[in-house]
Amino acid sequence: MNFIRTALSLLFFFSFLTESSGQRAWTLRECIDTALENNIQIQQSEIQAKIADNAVDEGMAGLFPTLNASAGYNWNFGLNIDPVTNIASRDNRQTNSLSLNAQWTLFNGMRNFNTLSQSRLDRMARIYDLEDMKNNTGLNVVSQYVQILLNREILRIAEEQLRVTDIQVRRMKQLVDAGAQPEGSLFEIEAQYARDNQSKVSAENNLAISRLQLAQTLQLKNTGNFNVVEYQVSNPDASLLSMTPEAIYEAALDNQPSVKAGETNYQSAMESVELAKGAAWPSLSLFASVGTNYSNQVRDLNVFNRGPLPIGQTTSGELVNDFGGVAFTQGDIKDFGAQYEDNINEFVGFNLSVPIWTGFQLRNGIRNAQLNEERSRLDLENTKNQLRQTIERAYADAKAAYETFVSAESSVRANNEAFKYAKVRYENGAINQFDYENARNGLTQAQAQMAQARYDYIFRIKTLEFYLTGSIQP
């Protein structure tokens, strides 16, 4: 699968691995592989693909004869007809039968071949569905992984801000103790410290929640110690934005499994029409069977020659005798094996079935198949339209993210210079604590916004690359 083969390069180039105390950090590849393995919907889709495989086997077997064996043992009481002698009797009897039957459909309007073709198409559609589900799951994991990295960076900004404020609190306390600053200035900086600490706690909570969300997506049993590795994120090339959404869409039609699944389902629906039409053709089958039976009422016959036996007289009164006659007497019940050998019967024949009147079943079957074909065509068009809209939104989001990131970079540079200038003035007593905190808060906010814009820009560009190529180029 293209996405999985390149998932690790979807957003990041691996830089270095960090281990937090008592925690095993997960790589992006490990997260994706685990999600694909544990996702229940993916497992269900894999089962559907296996069922489709079985349907292909059935379709292939439908081209060949069927062979069935049957056996039975019966007890008859009262009036019955012996299946061996075909004589009616009121004797209780036990009978046994054994048969082997074969049937081969020689022609049925090409339905057997169309069934095989349709089952193969259905199998490919299920494979494409599985591929699309894996892609969506992988993209979801990447998005949540990026959110963790973003929240981690925001937490670092908040921790640095709190560290700087803590230094200022200690410095201001020394100045207040020395009488160089009023006590109110200390209260102001301590209030700022409380706000910065609150921001840090909020950032820690957001990071913990994002870790929990990814751990739940991976369906891990122990989510408390879940953590991800640290990546050094490189800014992607923005040259992709020089393309048009239409060009990206045309490329995506050839590599997105959702579109391929829709096309295959449409082809399967067309095969259904041919199957329905085939039912209107005559059906010719070859039948063959061999069987034998046994009855506990069949006995051996004892044969012996008999002597002269008068059988009549001539017109002159002369007696006529039969010297070659034979006589029969019943012996013991004929044994099982002998009856099976003596009673073997074989049968072979053809059966031609011509549909003449089926109560509009054939007509409605063809019409319904044609309507399903049209519905599948509309489903395919809807899938393409959704892909087009998704790419157009992704392109617009990527372009906006790039512009936001560029603007955020400029804002950080400007706020950094403003803060440096405010810091010098504050240390020289030219501005008060309030103005100084405004300048520092402006820089902190700009840094957080740039971090958000940067990760959003990276994800949007790489997502757009995925739609363009089916994989992400490093």
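The following paragraphs go through the fold, the sheet, the salt bridges and one surface patch of a predicted model.

The protein chain contains 10 helices and 12 strands. Of its 474 residues, 37% are buried. Among contacts in the chain with a separation of 6 or more, 82% are between residues 24 or more positions apart. The chain exposes about 27100 Å², and carbon and sulfur atoms supply 52% of that area.

Four of the strands form an open sheet in the order β2-β5-β7-β12, with antiparallel pairing. At the edges are β2, residues 66-76, and β12, residues 345-353, each of which pairs on one side only. On average, neighbouring strands in this sheet are turned by 20 degrees against each other, direction ignored. Within the sheet, β5 (residues 93-107) and β7 (residues 283-295) are joined by 12 bridges in the antiparallel sense. To find this pairing in the model, start at Gln103, which stands opposite Phe287 in β7.

Strand β5 also takes part in a nonpolar surface patch. This patch covers about 750 Å² and is made by Trp104, Leu106, Phe107, Met110, Phe113, Trp281 and Phe350. Strand β5 gives the most to it, with 3 residues. Phe107 lies in that strand. How buried or exposed is Phe107? With a relative accessible area of 32%, Phe107 is partly exposed, since the partly exposed class runs between the 20% limit for buried and the 50% limit for exposed.

Salt bridges are the next topic. The model has 12 of them. In one, the side chains of Asp53 and Arg123 meet, at 3.9 Å from N to O. Asp53 belongs to helix α3 (residues 40-61) and Arg123 to helix α4 (residues 111-177), so this pair ties together parts that are 70 residues apart in sequence. Asp53 is partly exposed, at 33% relative accessibility. Arg123 is partly exposed as well, at 25%.

A second salt bridge joins Glu246 and Arg388, whose closest N and O atoms are 2.6 Å apart. Which parts of the chain does this pair tie together? Glu246 lies in helix α6 (residues 245-255) and Arg388 in helix α9 (residues 361-427), so the connected parts are 142 residues apart in sequence. Glu246 counts as partly exposed, with 37% relative accessibility, and Arg388 counts as partly exposed at 26%.

The salt bridge between Glu465 and Lys462 is within one helix. Their side chains meet at 3.4 Å, N to O. Both residues lie in helix α10 (residues 433-469), 3 residues apart, which is about one turn of the helix. Are these two residues buried or exposed? Glu465 has a relative accessible area of 14% and is therefore buried, because buried means under 20%. Lys462 is buried too, at 7% relative accessibility.

Salt bridges also link Asp397, Asp456 and Arg460 in a network.

Taken together, the three pairs can be read by position. Asp53 with Arg123 ties α3 to α4, Glu246 with Arg388 ties α6 to α9, and Glu465 with Lys462 stays inside α10.

Definitions and conventions: Residues are numbered from 1 along each chain as its sequence is written. This is a predicted model: local features need pLDDT of at least 70, side-chain atom pairs count only at pLDDT 80 or more; totals for chains, interfaces and linings use all residues. Side-chain values use heavy atoms; hydrogens and water are left out. Helices (H or I, at least four residues) and strands (E, at least two) are DSSP runs, numbered from the N terminus. Buried means under 20% relative accessible area, exposed over 50%, partly exposed in between (1.4 Å probe, protein chains only). Contact means heavy atoms within 4.5 Å. Accessible areas come from the Shrake-Rupley method with a 1.4 Å probe; for residues, only the protein chains shown count as cover. Two strands pair if DSSP finds at least two bridges between them. Axes are lines fitted to C-alpha atoms, for helices over the stretch in contact, and angles run from 0 to 180 degrees between N-to-C directions. A salt bridge is a side-chain nitrogen of Lys or Arg within 4 Å of a carboxyl oxygen of Asp or Glu. Patches are made of residues with over 30% relative accessible area and no salt bridge: like charges are joined within 9 Å, nonpolar side chains (Val, Leu, Ile, Met, Phe, Trp, Tyr) within 5 Å.
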